[in-house]
Each structure stands twice: as structure tokens, then as C-alpha cells.
Amino acid sequence: MDVVVQLHSLDWIIIVAYIGFMLWLGFYFSKKSQGFDDYFMAGRDLTAPLLVGTLVSTFYGLDTLFGTSEVGFYEGISAFFAYSLPYTAMYILMAFLAPVFKQKFPTGTTMQDICYEKYGKTAGIASSIAALVYSTNTMEMMGIGMLLSLVLPIPIWLGTILGAIIVVIYTYTGGLWAVTMTDFIQFVLMMITLGIAMIVGWSSFGGYEQVYAGLTEWCGEDPWYFFSVGAGYLSPATLVSYSITALAVLAEPAFFQRVFASAGPQEIKKAFSVGVPMWLAFDWVVTFLGILGAAAIGIGMIPEVEANQALLAIVGQYLPPGILGLFIAGVLACAMSTADSYFLVAGGVVGHDLYKRVINPEADTKKVEKVTKYGLLASAVISLALTFMFDRIMEIWVFQATIIVGVSLVPVYFGAFSKKAPKKIAGTLATTFGLVFSFVWYIWTNFFGVWSDDWEVYVVKIGGVELWQEQGILIIVPVVIVIYLIANALGKETMSEGGNI
């Protein structure tokens with residue numbers, strides 16, 4: 001059955017006030033924009049506290065809240081070790097790399113700038129297309145639609161459209177300053193409400209023994225695997241297959257935008273030193289809320305519901321009025337903090353990367369800002385269209401992660417950290433192959449693969465070997481590396497550049 005969350009009038013006051021404040025911030029910061037750099041880069045003046053809020057909230061959306069809790073519901077703490085921990089490892093790596101990118105490219109705007117400057121237009125356009133595909137907000141739009149349909153008597157499609165309208169309004173009007181300030185508020189809401197939900201849920205059970213008893217009832221057997229790292233069946237190959245998409249963190253367009261918009265490398269270091277522990281805490285709490293959901297069903301505290309709705313079922317039944325409204329606002333914050341960032345990033349791809357760099361290099365800053373806003377609106381329309389075309393969130397995420405890693409990871413990092421100027425042909429071939437093969441791999445596996453009910457993935461066979469759709473990254477990235485290295489060794493022409501973007 002579906003969850004029905006009953007809200008008190010106090011809850012509605014809090015939710016409406018939250019949404020209204022988000023919209024007001026957008027209009028407030030719209031008055032401060034003096035051109036593209038203010039609108040898209042917040043004047044390159046983001047300090048550590050603001051970076052913490054926008055980084056943590058941007059990369060923890062509904063896919064993490066509901067997705068990780070769903071895995072915890074079925075598999076216990078392995079949701080943290082198999083899915084969340086690899087991403088945290090990439091965040092830690094980025095904590096060391098991000099300040100270096102800021103030092104090397106102090107005037108950089110997007111990750112794609114590196115491809116344009118190091119390899120030319122073809123590589124730059126390919127990386128821009130990958131960033132645009134990656135920045136579609138389909139996952140968050142799906143989540144917002146589902147959430148609003150649970151608290152309002154409306155269908156999911158209408159909830160999806162309403163959520164998109166709210167996010168687009170304050171992002172369109174206020175740009176990165178509005179996104180950053182709303183992200184900071186959303187970050188605080190996320191942390192407080194999840195902490196309250198965990199405390200209330202745990203106290204409702206009375207401790208570990210009661211949780212274990214509930215899991216025993218739900219499983220019909222000893223639920224030891226809920227508290228085992230491997231969940232009883234996760235082999236090393238399976239762990240790699242599920243965690244490999246974490247490489248997307250290293251080629252994350254929104255990450256690079258925040259890094260280049262920061263006030264300096266020291267601000268980035270401070271932000272990551274605070275943000276990484278918070279990412280870990282967020283994942284751990286969400287995992288345990290999923291476990292509590294299964295236990296609650298086992299002992300009849302909540303009715304039998306879908307795994308990704310168990311979290312809402314618990315809080316909807318046990319959080320008092322007002323606190324429940326804060327929690328729903330916090331869940332909306334999870335979605336909006338991710339959606340606004342990617343709408344803005346997609347707009348920047350259109351306005352800065354494609355329009356300014358390719359179509360009209362002589363465009364002034366106000367014209368670029370205007371086209372960026374058009375790109376933001378186009379991204380919203382595309383995201384909504386894709387929301388109604390796809391049924392599975394994971395299917396979309398696998399494709400997006402594959403394309404951004406396959407296209408951008410190798411040329412960006414070789415281009416940024418090679419001691420010698422890279423050859424133009426190396427980036428051109430690597431990005432082009434990565435882009436084309438990512439689309440080919442997705443089409444092949446999705447339309448010609450066999451669906452596995454056991455693993456809930458598409459499977460194809462090559463020479464008798466079964467490959468998952470998720471494992472495309474394991475094939476594409478090594479091939480891209482080989483292509484890049486060979487072309488860089490044999491190529492002759494390099495791009496003339498002075499070290500800054």
C-alpha cells in the first residue's frame with residue numbers, strides 16, 4: 001500500500017512559509033546580479049560556511065534519502081558500505097584535488113573550460129553535451145512528484161510540475177547566490193530533521209534488541225545480515241558494480257562550478273573538512289532509518305509499504321505536528337537543493353560553454369546571462385519530459401554517470417595535471433569516443449539486454465560473459481585512457497594557452 005501522510009495545519013504553515021521564503025530569496029538576489037559572473041558564479045566570493053551548505057545539500061537529494069534508505073530496508077548496513085562509502089571516498093579525494101583546480105584555473109567557470117582550453121572546440125563541445133545530459137534533473141523531479149502526491153491529493157505528474165515551477169522561479173531569478181543561500185537553509189533543515197527522525201524512531205522502538213526483534217519478524221528468520229558489511233551476498237564484483245558510479249564525483253559539473261566560484265583554495269579546504277563528516281553522518285542516519293522501516297513493519301508499528309516509502313511512514317506516524325512539517329520541508333529541501341544546482345549548471349552549459357565559446361564569442365556578460373537563463377528553462381522542460389518517459393530512477397542515473405565519467409574524467413584530469421601541454425588530438429578523440437560509446441552502450445543494454453529480476457539491472461552477454469548496464473564505465477574508461485595515451489604520444493599539435501582559463 002502507499003503511505004498517506006496526514007499533516008496538521010501547523011505543518012502546512014511551516015511548509016508554505018519555507019517555500020515562500022525560497023521564492024523571496026530568488027527575487028531578492030535577482031536585484032544584485034550585474035551580469036553573468038554575478039549570476040552564475042556569485043561574484044566568485046563563496047566562503048567556507050556557504051560552500052559547506054551548498055556542497056552537502058547539492059549532493060544529497062531524494063535519490064540518497066529514499067534510495068539509500070531503500071537499500072538499508074532490504075540489506076541493512078551494507079547500504080552504507082557498498083553504496084555510500086565509495087562516494088565518500090571520492091569526496092575525500094576531491095577535498096585534495098579541488099583546491100588545486102582553483103589554484104591552476106583561478107578564472108575558470110566550468111569543468112568544460114578545461115577541455116576547451118586544452119584541446120579545442122570539438123573536445124569542449126563533447127564535454128559540454130555530457131555535462132548537459134548529466135545535469136538533467138529527472139531523478140529529483142521524480143522524487144518531488146512522489147513526495148507531493150503523498151501529502152496532497154494530487155497525481156504524481158502534477159506534483160512533479162509544481163515542484164519544478166517552484167525550483168525554476170527562485171533559481172531563474174536569483175542565480176548562484178539564491179541557490180547557495182537556499183542550499184544553506186536547506187542544509188540546516190536536512191540535518192536537523194533527519195537527526196530528529198532518527199532519535200524519535202529509535203526511541204519508539206526502545207533500542208537495539210527491539211529493532212532486531214522487529215527485523216526477525218519481518219524476515220521470518222535471523223536478520224544477522226542486516227548488520228553485516230557484506231549483507232550475506234555482496235561479492236567483491238557486486239560491490240564494484242554498484243560503487244563504480246561514484247567516479248562521477250570526480251567529473252561532477254556542479255562541484256567544479258562551486259570550486260571556481262569559491263573565494264579561494266583555503267575556503268575550499270575548510271568546506272571539505274566540515275562537509276565530509278556531514279556526508280558520512282547523513283548516509284549513516286538514512287541507512288538506519290531504512291532498517292527501522294523494515295523493523296517497524298515486522299512488529300506492526302506501520303503498515304506494509306513500499307521500501308522507499310517506509311521512512312515517510314515512520315515519521316508520518318510518530319513525529320508531532322510542527323516537527324512533521326519541518327521534516328517534510330527538509331525532504332523538499334533535499335530535492336530542491338539538488339534540482340536548483342543542476343538547473344543552473346545546465347543553463348551555464350548553454351550560455352557559457354556553447355553560446356559564449358562556440359556561437360558568439362563576442363557576446364557581452366548580460367547577453368550570456370540571458371542565454372544562460374534560457375538554457376535553465378530548456379533544462380527544466382527536458383527534465384520534466386524525461387520524468388514521464390522513464391520508470392526507474394536507477395536507469396537514468398547509470399546513464400548519466402556513465403556519460404560524464406566516460407567523456408570528461410580522463411581528458412580533464414590529464415589536461416589539468418600533465419606537466420607537458422597535452423596534444424589536441426588526444427582530447428578530441430577521447431571525448432568523442434566517450435560520448436558516442438556511452439550512448440551506444442546505453443541503447444544496446446537498455447533495448448537489447450535482458451532484464452534480471454534478481455539484480456534489477458539489464459544484462460548483456462559478450463562472448464559468454466554477462467555484463468551489467470552499470471559496468472559500462474569499467475569498459476569505456478579504460479578504452480578512453482588507451483585512446484588518449486596513444487593519441488597524446490603520436491599527436492603533434494597542442495593548444496596555445498597561458499595556464500589560466
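## The loop between H2 and H3

In this predicted model, a good place to begin is the loop between helix H2 (36-41) and helix H3 (48-58), where Ala42 is found. The phi of Ala42 is near 50°, a positive value in a residue other than glycine. That deserves a second look, because most residues other than glycine have a negative phi. Ala42 is also buried, as its relative accessible area is 1%.

Arg44 sits in the loop between H2 and H3 as well. Its backbone shows a positive phi too: Arg44 has a value near 55°, and it is a residue other than glycine.

## Salt bridges across the chain

Let us turn to charged side chains. Side chains of opposite charge can pair when their charged atoms come close. How many salt bridges does the structure hold? The count is 7.

One of them joins Arg357 and Glu117, with 3.0 Å between the closest N and O atoms. This pair brings distant parts of the chain together: Arg357 belongs to helix H15 (residues 323-359) and Glu117 to helix H6 (residues 112-119), 240 residues apart. Glu117 is partly exposed, because its relative accessible area of 23% is not under the 20% cut-off for buried residues.

Another salt bridge connects Arg258 with Asp183, and here the closest N and O atoms are 3.6 Å apart. Again the pair links distant parts of the chain, with Arg258 in helix H12 (residues 253-261), Asp183 in helix H9 (residues 156-205), and 75 residues from one to the other. Are these two partners buried or exposed? Arg258 counts as buried at 1% relative accessibility, and Asp183 counts as buried at 0%.

## A salt bridge within one helix

Lys270 and Glu267 offer a local case, their side chains meeting in a salt bridge at 3.8 Å, N to O. Both belong to helix H13 (residues 265-298), and because they are 3 residues apart there, about one helical turn separates them. Lys270 is partly exposed, at 44% relative accessibility. Glu267, by contrast, is buried, because its relative accessible area of 18% is under the 20% cut-off. Some salt bridges also share partners: Asp113, Glu117 and Arg357 are joined this way into one network.

## The antiparallel sheet

Strands of a sheet pair through backbone hydrogen bonds, either parallel or antiparallel. In this model, 3 strands make an open sheet in the order E1-E2-E3, with antiparallel pairing. Which strands stand at the edges? They are E1 (450-452) and E3 (465-468); each has a single partner strand, so one side of each is left without a neighbour in the sheet. From one strand to the next, the twist averages 45°.

The antiparallel pairing of strand E2 (residues 457-462) with E3 runs over 4 bridges. Lys461 has Glu466 in E3 as its bridge partner, and helix H18 (residues 424-448) packs on the sheet, touching E1, E2 and E3, with its direction at about 105° to that of E2. Ile462 stands opposite Val465 in E3. The hairpin of E2 and E3 has 2 residues between the strands, and there Gly463 takes a positive phi near 60°.

## Aromatic pairs and a charge over a ring

Aromatic side chains give plenty to explore, with a count of 36 aromatic pairs. Phe255 and Trp279 form an edge-to-face pair, 6.4 Å centre to centre and with 80° between the planes. The two rings come from distant parts of the chain: Phe255 lies in helix H12 and Trp279 in helix H13, 24 residues apart. Both partners are buried, Phe255 at 0% relative accessibility and Trp279 at 1%.

Which residues form one aromatic cluster? The members are Phe73, Tyr74, Trp218, Trp224, Tyr225 and Phe226. A charged side chain meets a ring elsewhere: Lys373 lies over the face of Tyr172, at 5.2 Å from the ring centre.

Notes. Residues numbered from 1 in each chain as written. Predicted model: local features only at pLDDT ≥ 70, side-chain atom pairs only at ≥ 80, totals over all residues. Heavy atoms only, no water. Salt bridge = Lys/Arg side-chain N within 4 Å of Asp/Glu carboxyl O. Buried < 20%, exposed > 50% of the residue type's maximum accessible area, 1.4 Å probe, protein only. Pairing = 2+ DSSP bridges. Axes fitted to C-alpha atoms, helices over the stretch in contact; angles between N-to-C directions. Contact = heavy atoms within 4.5 Å. Phe/Tyr/Trp six-rings, centres within 6.5 Å; stacked < 30°, edge-to-face > 60°. Lys NZ or Arg CZ within 6 Å of the ring centre and 35° of its normal.
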